[in-house]
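User: I want the reasoning behind the labels on this model. Please set each value against its cut-off.

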Amino acid sequence: MKTRITELFGIEHPIIQGGMHHVGLAELAAAVSNAGGLGIITGLTQRTPELLAREIARCRAMTDKPFGVNLTFLPSVNPPDYPGYVKAIIDGGVKVVETAGNNPQKWLPALKDAGIKVIHKCTSVRHALKAQAIGCDAISVDGFECGGHPGEDDVPNFILLPRAADELKIPFVASGGMADGRSLVAALALGAEGINMGTRFIATQEAPVHDNVKRAIVAASELDTRLVMRPLRNTERVLTNAATERLLQKERELGAAITFADIAPEVAGVYPRIMQQGEMEAGVWSCGMVAGLIHDVPTVQQLIDSIMAQANALISERLAGMLR
């Protein structure tokens, strides 16, 4: 399948693995790239630029295909060493960067000078247009269904994607609710040039997370996610568990007076305990509504092959058969 996204990033299939905290390690990124998609290393999971450089080198040893690095720009009293991370990406020969969070404009000149293509994650058309205006090469359009941070507009992809198609000139991929060949064909029909998958890639054999996490996703339905941190305007979609319910109870009790300190026990530093140790009640963790469409834990190759086979069959047989 050839789209503007496959051409832009030099990949075989229009499938991108989203950057995910403590999931986007070299093992998963390399597996996705080797299967014909675009694997992504999550930059800030590596605590220092030196560790990111090492992770990029590990990934390069596992694949000769293109892969990228996610770099999320967050407001912080003590911000990460972003210049160091950007240097590690450039020195590592990475040719694709997925940016997220705050406006990446100040970092674009250095990335562009190094020949790096930038895809920016957006939850609204207005933010996507801004990213296009500052020189991003592509957009990952995140609908309300997505795991992690869906923004504050609450617009699902059935509306957001065609709105983006109406407004954008640069290519974009659909993120949020993407799981299979049906997702890909629907995204293409709505104007996207490919898909970005997060939660679906966690439930693969190569994903470097505890089996408890994968089992939780397979067991979950589309009704098992919750939105937390809405009062802080930092909304996150997470899988429901005891920690999630505790956090929501605090939000109900404290209302507008709630602060991050009030919910820190449920959110601060919990990802290693959940993702690596499998302590499923340790805190809240990002998961998309797409969990309701995930029923197995295949290899990445099996997953991508099945997506493309289903998409090809839908386009060439089912949809083509409807034309008279």
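The exchange below takes up the cysteines, a surface patch and the sheet of this predicted model.

User: Why is Cys146 in no disulfide with Cys287?

Analyst: A disulfide needs two cysteine sulfur atoms within 2.5 Å. The sulfur of Cys146 is 11 Å from the closest cysteine sulfur, in Cys287, so the distance is too far for a bond. Cys287 is likewise in no disulfide, with the sulfur of Cys146 as its nearest. The structure holds 0 disulfides.

User: What makes Cys146 count as buried? And Cys287?

Analyst: Buried means under 20% relative accessible area. Cys146 has 3%, so Cys146 counts as buried. Cys287 has 0%, so Cys287 is buried too.

User: Why is Met1 called partly exposed?

Analyst: Partly exposed lies between the 20% and 50% limits. Met1 has 33% relative accessibility, so that label applies. Met1 sits in the segment before helix H1 (4–9).

User: Which residues form a nonpolar surface patch with Met1?

Analyst: Ile315, Leu319 and Met322. Together with Met1 they have about 330 Å² of accessible area.

User: What makes S1 and S2 edge strands?

Analyst: Strand S1 (15–17) and strand S2 (39–42) each pair on one side only. The open sheet has 8 parallel strands in the order S1-S8-S7-S6-S5-S4-S3-S2. Neighbouring strands are turned by 30 degrees against each other on average, direction ignored.

User: How do you know that S5 and S6 pair?

Analyst: Pairing takes at least two bridges. Strand S5 (residues 117–122) and strand S6 (residues 138–142) are joined by 4, so they pair. The two run parallel. His120 stands opposite Ile139 in S6.

Methods:
Residues are numbered from 1 along each chain as its sequence is written. This is a predicted model: local features need pLDDT of at least 70, side-chain atom pairs count only at pLDDT 80 or more; totals for chains, interfaces and linings use all residues. Side-chain values use heavy atoms; hydrogens and water are left out. Buried means under 20% relative accessible area, exposed over 50%, partly exposed in between (1.4 Å probe, protein chains only). Patches are made of residues with over 30% relative accessible area and no salt bridge: like charges are joined within 9 Å, nonpolar side chains (Val, Leu, Ile, Met, Phe, Trp, Tyr) within 5 Å. Accessible areas come from the Shrake-Rupley method with a 1.4 Å probe; for residues, only the protein chains shown count as cover. A salt bridge is a side-chain nitrogen of Lys or Arg within 4 Å of a carboxyl oxygen of Asp or Glu. Axes are lines fitted to C-alpha atoms, for helices over the stretch in contact, and angles run from 0 to 180 degrees between N-to-C directions.
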